[in-house]
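Welcome! Keep your viewer open and your selection tool ready, and let's walk through this chain one stop at a time.

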Amino acid sequence: MAQMEQAMTPRTRLESFRMMQQKASGAPDSPASPSVVLPLKVPQIPLQGLNSSSPPSQISARTTDRPMSSRRLRKDVLCADSEHHELSKAAGHVTLLDQQGTPRSVRVVQQEERENFNIVSVAWIFSLDDRTHQIELRHGRISGIRKIYLNKQLVERVKNLSSAIFASTIIHTFDVAGRTAEIKIVPGKSGGFKYYLEIDGEAIEREIGIKSPGLSIDVGTHFVQLVKSSTAGFGLTLANCGMRNDGVVIVQLEPNSPAAQAGLLIGDIILAVDDTMAVDTAVILDQLCNADAAMLEVAGSSPSRSMQVYNPFLGSGDKGALTLMETACGVGLYVLEIRPWTGASAPGGAYLEIGDVILSVNGAVTESARETLKYIKKGPPMLNLVVAGRALAAHAT
């Protein structure tokens with residue numbers, strides 16, 4: 001009976017990860033005490049060098065479906081922008097349950113048109129259960145009027161001038177064939193607006209032309225287990241992640257430290273320590289500083305990789321091209337377009353592909369696509385990049 005109760009007790013994802021480690025090492029599958037103990041309330045992380053007697057660090061990586069924050073790390077979501085009409089004409093996918101309760105990948109086509117200086121019209125079209133639905137928003141950027149149509153029938157009309165003046169997000173919720181749809185109107189810069197649609201609480205993932213193995217619309221996460229050096233601590237410096245409400249970013253690593261030996265790199269974003277979400281640097285310092293070991297959940301489907309590539313904007317002959325975009329989840333910048341300049345052969349065969357997520361450039365953490373591209377265009381001919389790890393390919397048995 002006790003064994004049955006134990007089998008029925010739900011495990012956290014971290015507990016399941018530890019069980020996988022025990023099975024891989026031949027240890028018995030038992031609810032032994034956790035191998036990671038994290039005392040609290042210590043002011044800072046030491047960064048001294050390692051000596052020869054320091055215990056070796058350990059690295060363990062497993063792909064996870066969702067981060068501990070229970071949110072997917074999407075690279076991009078479908079968004080219409082009143083200032084960029086051509087980019088707003090796009091498509092994406094969302095997973096919805098059909099009438100039988102089966103998950104279906106539903107393609108959503110987005111269109112945008114500027115009717116006049118005031119009115120912007122955004123439409124989303126999708127089909128499910130043999131029915132086609134068209135949702136349309138007509139938004140007066142100056143007048144504040146908002147009209148929502150479902151299959152060309154008006155379902156909501158609001159006029160509020162204050163919403164056109166004050167920078168606050170506007171949300172409209174309505175029913176679409178028994179499903180809950182939500183339109184978000186987010187004020188942008190220079191008087192512009194961005195428009196998002198969610199269906200049954202699911203954002204629509206934008207199609208960005210990913211074709212390479214191991215790359216997907218999700219950044220993914222993996223676990224890294226560290227063992228502290230008696231003299232060096234973990235050997236890393238952390239900062240709050242400017243692009244996320246949670247998570248902390250590694251901005252410095254001590255050479256040969258446990259963090260460096262475990263494969264962590266500058267730009268890696270720590271989402272959680274043990275079962276505690278990484279909200280800000282102070283919380284993580286409290287978790288790490290006196291701990292003998294730590295289990296980190298890090299953004300990326302596998303350990304990040306360091307690579308050298310030729311600057312696509314420099315060189316002779318035909319110049320290359322590089323377009324970067326901020327990810328929807330706030331983890332690095334993803335590659336939307338890449339074309340090396342003619343004659344450039346990447347060192348060691350390294351090259352970027354559409355969908356790759358860049359975490360740092362020449363030791364500087366990436367936060368703004370605009371500022372990063374500005375630096376690259378003026379930067380050195382060789383770029384040292386840290387790129388988020390891809391999903392590990394399955395090996396044939």
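**Stop 1: the start of a helix.** Select Ser 368 and Arg 370. Ser 368 caps the N-terminal end of helix α7, with a side-chain oxygen lying 3.3 Å from the backbone nitrogen of Arg 370. Please bear in mind during the tour that you are looking at a predicted model.

**Stop 2: the two sides of α7.** Now select residues 369-378, the whole of helix α7. Which residues of this helix are buried? They are Ala 369, Thr 372, Leu 373 and Ile 376. Turn the view until you look straight down the axis of α7: the buried residues fall within an arc of 95 degrees, so they line one face of the helix. On the other side of α7, color Arg 370 and Lys 378, which are exposed.

**Stop 3: what the buried face meets.** Add residues 321-326 and 333-339, which are β20 and β21. Add β22 and β24 as well, and you have the strands that the buried residues of α7 pack against.

**Stop 4: strand β24 and its partners.** Select residues 382-387 to show β24, then residues 305-310 to show β19. How many bridges join β19 to β24? There are six, and the two strands run antiparallel. For one matched position, click on Tyr 310, which stands opposite Met 382 in β24. Next, select residues 357-361, strand β22, which pairs with β24 in the antiparallel sense over three bridges. Here Ile 358 has Val 387 of β24 as its bridge partner. If you wonder what holds such strands side by side, strands of a sheet pair through backbone hydrogen bonds, either parallel or antiparallel.

**Stop 5: an open sheet.** Move on to a sheet of seven strands. In what order do they lie? The order is β7-β6-β5-β4-β3-β2-β12, the sheet is open, and the pairing is antiparallel. Select residues 153-159 for β7 and 205-206 for β12: these are the edge strands, and each pairs on one side only. Inside that order, pick β3 (residues 103-114) and β4 (residues 119-128), which are antiparallel and joined by seven bridges. Click on Arg 114 and you will find Val 120 of β4 opposite.

**Stop 6: a leucine and two cysteines.** Select residues 281-288, helix α6, and find Leu 285 within the helix. Is Leu 285 buried or exposed? Its relative accessible area is 19%, which is under the 20% cut-off, so Leu 285 counts as buried. Now measure from Leu 285 to Thr 237: they are 48 residues apart in sequence, and their C-alpha atoms are 9.9 Å apart in space. Then show Cys 79, buried at 14% relative accessibility, and Cys 329, buried at 9%. The count of disulfides comes to zero.

**Stop 7: the uncertain stretches.** Color the chain by pLDDT. The average is 77, and 74% of the residues score at least 70. Select residues 1-14, where pLDDT stays under 50 and the model has 18 contacts beyond four places in sequence. Residues 27-67 are also below 50, with 119 contacts in the model beyond near neighbours in sequence.

**Last stop: the whole chain.** Zoom out to see seven helices and 24 strands. Of the 397 residues, 46% count as buried. Among contacts between residues at least 6 apart in sequence, 61% join residues at least 24 apart.

Notes
Residues numbered from 1 in each chain as written. Predicted model: local features only at pLDDT ≥ 70, side-chain atom pairs only at ≥ 80, totals over all residues. Heavy atoms only, no water. Pairing = 2+ DSSP bridges. Helix = DSSP H or I, 4+ residues; strand = E, 2+ residues; numbered from the N terminus. Buried < 20%, exposed > 50% of the residue type's maximum accessible area, 1.4 Å probe, protein only. Disulfide = S-S within 2.5 Å. pLDDT = per-residue confidence, 0-100. Contact = heavy atoms within 4.5 Å. Arc of directions from axis to C-beta. Polar contact = N/O pair within 3.5 Å; in protein donor to acceptor, adjacent residues only side chain to side chain.
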